[in-house]
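Reader: I am in my first year and still learning to read structures slowly. Could you take me closely through the place where the ligand is held, and then through a few backbone details elsewhere?

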Amino acid sequence: MAYEDRRAFAESLDRDDVLARFREQFYFPQVRNGHAPVYLCGNSLGLQPKLAGAYVREELDNWARLAVDGHFRSDRPWLSYHRHATAGFAALTGARPLEVVAMNTLTVNLHVLMASFYRPTTGRYKILIESQAFPSDRYAAASQLRTHGFDPAEGIIEWTPRNGCLCVEDLASLIEHEGAGIALLLLPGVQYYTGQVLDMPAVCRLGREAGCRVGLDLAHAVGNVKLALHDWAPDFAAWCTYKYLNAGPGAIAGAFVHEQHCTPGNLDQLHGWWGHDEATRFEMRKTFTPAAGAELWQMSNPPILSLAPVIASLQLFREAGMDALIRKADSLTGYLAWLIDRRFAGRVEIITPSDARGCQLSLVVRDSAVAPKTLFDRLCELNVIGDWREPDVIRVAPAPLYNSYADVFEFADRLERALALP
Ligand SMILES: Cc1ncc(COP(=O)(O)O)c(C=O)c1O
């Protein structure tokens, strides 16, 4: 698309935007210092859908009216409440419904799934992560190694970026040299710091060919980029729902277990009563009868009030459609990249690879007249909400469900003002 650096142009794109109506279904943060918010932080915490409150209130009402009967007799009985997320999760991740479940939170899910899929032996015990892995993933991998009696200093292998990018060729050569000793590849779908979308099919294929298990952390990928988990066939994946999925701070997360592992008896899991077959769960038997599919990995009865916003949010995704969202994201983030290159060349550099990005752009400030963190603080004063990631990146991510082209244009204007301040 041929872009133009004019507000009227941005407004004309908004008028033609088939998804524009979704914006009014979200709460935007408050005015600050007289400035309306420019919220570009959906990669960190998505905005609250207005529908979320209605779904939470509905369950508070059910609890008040029905008390314990809410488990069986409300419109959406709590016994199977998590299943209202199944179709939405499956659609967003390209999975079969059997392969996904809403449960726990992200790091907990990584551990729960590693309990099944990280089964080291003395010969094959290493875990491959990327060198800039999100700290929680690194801590989780290191603690899994320690729990099994291995030293993380030896047991963690790092895939290091080249010129800022994680290259599949480098992964292939790491696996070629170390593959026989690697038990698990634990990698992101989208790198949180740079915004690079990894070649997930290649990651899964390389891991599989070398006999390693593959687990994906899709925190920054779900609701952002197209996923086809069933076909790519990682062994497992997990994601949070508070970023692009807009389900609120600490909302219930998602997990994927590939169908090939969904036959009970194939693998060991950590069991709890919610992983027991629902039909006989309340017979309180001493023996465990496994539920079918990824639900087998559930342990506790889910926190309904933290799951309600997930269900609300998935309804909006269903209405908007992921293909339309990705089309808009390409053009919205494309417009942002174009404006930054046009106005700030040499002063602000986009480190996100242009051929492997979703919504997020990671910006590094090269302008010697202003310290990067100072520029970020100035943007905050102008009520631009992105985020700062140590050591030197400002992340901004227009979300196609609620951001407009006018937001993107306004961001460029405020960035210009922030750079010009004395
Ligand atoms: C890539 C990635 N992994 C893991 C986490 C940790 O998530 P949680 O606190 O929900 O376990 C985050 C949180 O932002 C993340 O971005």
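**The ligand and its surroundings**

Author: In this predicted model, an oxygen atom of the ligand is 2.9 Å from an N or O atom in the side chain of Lys243. Taken together, the protein covers 81% of the 400 Å² of accessible area that the ligand has on its own. Another polar approach comes from Tyr242, which has a polar side-chain atom 2.7 Å from an oxygen atom of the ligand. With Asp137 the ligand atom concerned is a nitrogen, and it lies 3.0 Å from an N or O atom in the side chain of that residue.

These three residues belong to the shell around the ligand, which also includes Leu106, Thr107, Phe134, Asp217, Ala219 and His220. Sorted by class, that shell has four nonpolar, two polar and three charged residues, and the ligand it surrounds sits in the largest pocket.

Moving on from the ligand, we can turn to the loop between β10 (254-257) and α11 (304-320), where Met284 is found. Met284 has a positive phi of about 55°, although it is not a glycine. Most residues other than glycine have a negative phi, and most peptide bonds are trans. Met284 counts as exposed because its relative accessibility is 57%, and the cut-off for that word is over 50%.

Glu295 also has its place in the loop between β10 and α11. Here the relative accessibility is 12%, so Glu295 counts as buried, a word that applies under 20%. The side chain of Glu295 is joined to the side chain of Arg83 by a polar contact of 2.7 Å.

A further positive phi, of about 45°, belongs to Ala67, which is not a glycine either. Ala67 lies in the loop that runs between α2 (50-66) and α3 (70-73), and because its relative accessibility is 39%, Ala67 counts as partly exposed.

The last detail concerns a peptide bond, the one that leads from Glu390 to Pro391, which is cis, with omega near 5°. Pro391 has its place in the loop between β14 (387-389) and β15 (393-396).

Definitions and conventions:
Residues are numbered from 1 along each chain as its sequence is written. This is a predicted model: local features need pLDDT of at least 70, side-chain atom pairs count only at pLDDT 80 or more; totals for chains, interfaces and linings use all residues. Side-chain values use heavy atoms; hydrogens and water are left out. Helices (H or I, at least four residues) and strands (E, at least two) are DSSP runs, numbered from the N terminus. Buried means under 20% relative accessible area, exposed over 50%, partly exposed in between (1.4 Å probe, protein chains only). A residue is near a molecule or strand if one of its heavy atoms lies within 4 Å of it. A polar contact is a pair of N or O atoms within 3.5 Å; within protein, one must be able to donate a hydrogen and the other to accept it, and residues adjacent in sequence count only if both atoms are side-chain atoms. Accessible areas come from the Shrake-Rupley method with a 1.4 Å probe; for residues, only the protein chains shown count as cover. On a 1 Å grid over the protein atoms alone, a cavity is a set of points where a 1.4 Å probe fits but cannot get out, and a pocket is an open set with protein on both sides within 12 Å along at least five of seven lines; lining residues have an atom within 4 Å of a point. A molecule sits in a cavity or pocket if more than half of its atoms lie within 2 Å of its grid points. Ala, Val, Leu, Ile, Met, Phe, Trp, Tyr, Cys and Pro count as nonpolar, Asp, Glu, Lys and Arg as charged, and the others, Gly among them, as polar.
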